[in-house]
Amino acid sequence: MPNRAERRSKNKNGVPDQYDQTRGRGRSGMIDEYALQEKSRRLKEGKSGPWKPTSSELEHAEEVAMDTDPDNFDPPQVLRAPHSVRQWFRVVSWVLIVVSAILFFVVMWIPNRPIWSIITIAAVFGAGVVSLFFTAGDPKNNPNLDQNGTAV
C-alpha cells in the first residue's frame with residue numbers, strides 16, 4: 001500500500017479519479033463528441049467527407065456581386081402600410097405615446113400649468129404603453145426572436 005506522500009503526489013498530477021473516464025489509459029479509444037457533431041452537421045447539409053477549408057463561399061459571393069446590375073437594385077421594403085385592425089391600433093398606440101411624450105416636455109417648460117393637465121398627459125402615455133401589450137402580435141411570427149424567445 002502506498003504511503004500518504006505517494007498518494008498525494010499521484011492526486012496532484014493529472015485529472016482527479018472521479019473525473020478520469022480513461023481510468024489512467026490513453027485517450028485513443030474515447031469518442032470525440034465534437035467530431036461526431038461536425039460530421040452529423042455536414043451530413044445534414046449534404047456534404048460528404050472530412051471538412052477541408054475552401055473559399056467556395058467567397059467565390060459564390062463574388063460571383064453574385066459581379067453578376068448583379070447596380071441599376072436594377074430594388075431595396076427591400078422596410079415599412080409597410082398596416083393591413084389589419086390590430087396593426088392600425090398599434091399605429092394609434094404609438095401615435096398616442098409620441099404625442100403625449102411631446103406634450104409632456106412642452107408642459108414641463110410652461111409655468112403655472114394645472115396639475116390635472118400633467119396627470120392627463122401621463123395617463124394618455126400610460127394608456128398608449130399598456131395598449132401596446134394588447135395589440136402585440138404572436139411571438140411565433142416575430143422574426144427578431146429565436147426559438148427560445150430570445151431577441152436576436
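The legends below describe close-up views of a predicted model, beginning with the whole chain and then moving through its helices.

**View 1. Overall fold of the predicted model, an all-helical chain with the pattern α-α-α-α-α.** The secondary structure of the protein comes to five helices and zero strands. Of its 152 residues, 9% count as buried, and the protein exposes about 14200 Å², of which carbon and sulfur atoms supply 60%. When contacts with a sequence separation of 6 or more are considered, 43% of them join residues that lie 24 or more positions apart.

**View 2. Helix 2, residues 33-44, and the glycine that comes after it.** Helix 2 has 12 residues, which at 1.5 Å a residue should span 16 Å, and its end C-alpha atoms are indeed 16 Å apart, so the model agrees with the expected length. The number of buried residues among these 12 is one, and helix 2 therefore lies largely in the open. Helix 2 is followed by Gly-46, a residue whose phi is positive, near 85°.

**View 3. The salt bridge between Glu-38 and Arg-41.** A search of the whole structure finds one salt bridge, and it is formed by Glu-38 with Arg-41, whose closest N and O atoms are 2.8 Å apart. Side chains of opposite charge can pair when their charged atoms come close. Glu-38 and Arg-41 are three residues apart in helix 2, which means that they are separated by about one helical turn. An α-helix has 3.6 residues a turn, so residues three or four places apart point the same way. Both partners are partly exposed, Glu-38 with a relative accessible area of 24% and Arg-41 with one of 35%.

**View 4. Helix 4, residues 85-109, and its buried residues.** Helix 4 has 25 residues and reaches 37 Å from its first C-alpha to its last, close to the 36 Å that is expected at 1.5 Å a residue. Four of its residues, Ser-93, Ile-97, Ser-100 and Val-107, are buried, and what covers the buried residues of helix 4 includes helix 5, residues 115-135.

**View 5. The contact between Ser-93 of helix 4 and Gly-128 of helix 5.** Ser-93 is buried, because its relative accessible area is 3%, below the 20% under which a residue counts as buried. Leaving aside residues up to four places away in sequence, Ser-93 touches Gly-128, Ser-131, Leu-132 and Thr-135. Gly-128 likewise counts as buried, at 0% relative accessibility, and with the same exclusion of residues up to four places away it touches Ser-93, Leu-96 and Ile-97. A further pair in this view is Gly-128 and Val-98, which are 30 residues apart in sequence and 9.0 Å apart in space, C-alpha to C-alpha.

**View 6. A nonpolar surface patch that includes Val-95 of helix 4.** Trp-88, Val-91, Val-95, Val-99 and Leu-103 together make a nonpolar surface patch of about 440 Å². Val-95 counts as partly exposed because its relative accessibility is 47%, which falls between the 20% and 50% limits that separate buried from exposed residues. Helix 4 therefore presents Val-95 as partly exposed, whereas Ser-93, which is also found in helix 4, is buried.

**View 7. Asn-112 in the loop between helix 4 and helix 5.** The phi of Asn-112 is near 60°, a positive value in a residue other than glycine. With a relative accessible area of 79%, Asn-112 is exposed.

**View 8. The two segments that the UniProt record annotates as transmembrane.** The unreviewed UniProt entry places the feature "transmembrane region" at residues 88-109 and 115-134. In the model, the chain over residues 88-109 is 100% helix and 0% strand, with its end C-alpha atoms 32 Å apart. Over residues 115-134 the chain is again 100% helix and 0% strand, and here the end C-alpha atoms are 29 Å apart.

Key:
Residues numbered from 1 in each chain as written. Predicted model: local features only at pLDDT ≥ 70, side-chain atom pairs only at ≥ 80, totals over all residues. Heavy atoms only, no water. Patch = residues over 30% accessible without salt bridge, like charges linked within 9 Å, V, L, I, M, F, W, Y side chains within 5 Å. Areas by Shrake-Rupley, 256 points an atom, 1.4 Å probe, with all protein chains shown as cover. Salt bridge = Lys/Arg side-chain N within 4 Å of Asp/Glu carboxyl O. Helix = DSSP H or I, 4+ residues; strand = E, 2+ residues; numbered from the N terminus. Buried < 20%, exposed > 50% of the residue type's maximum accessible area, 1.4 Å probe, protein only. Contact = heavy atoms within 4.5 Å. UniProt positions renumbered as here; feature names shortened; annotations may be inferred. Expected span 1.5 Å × (residues − 1).
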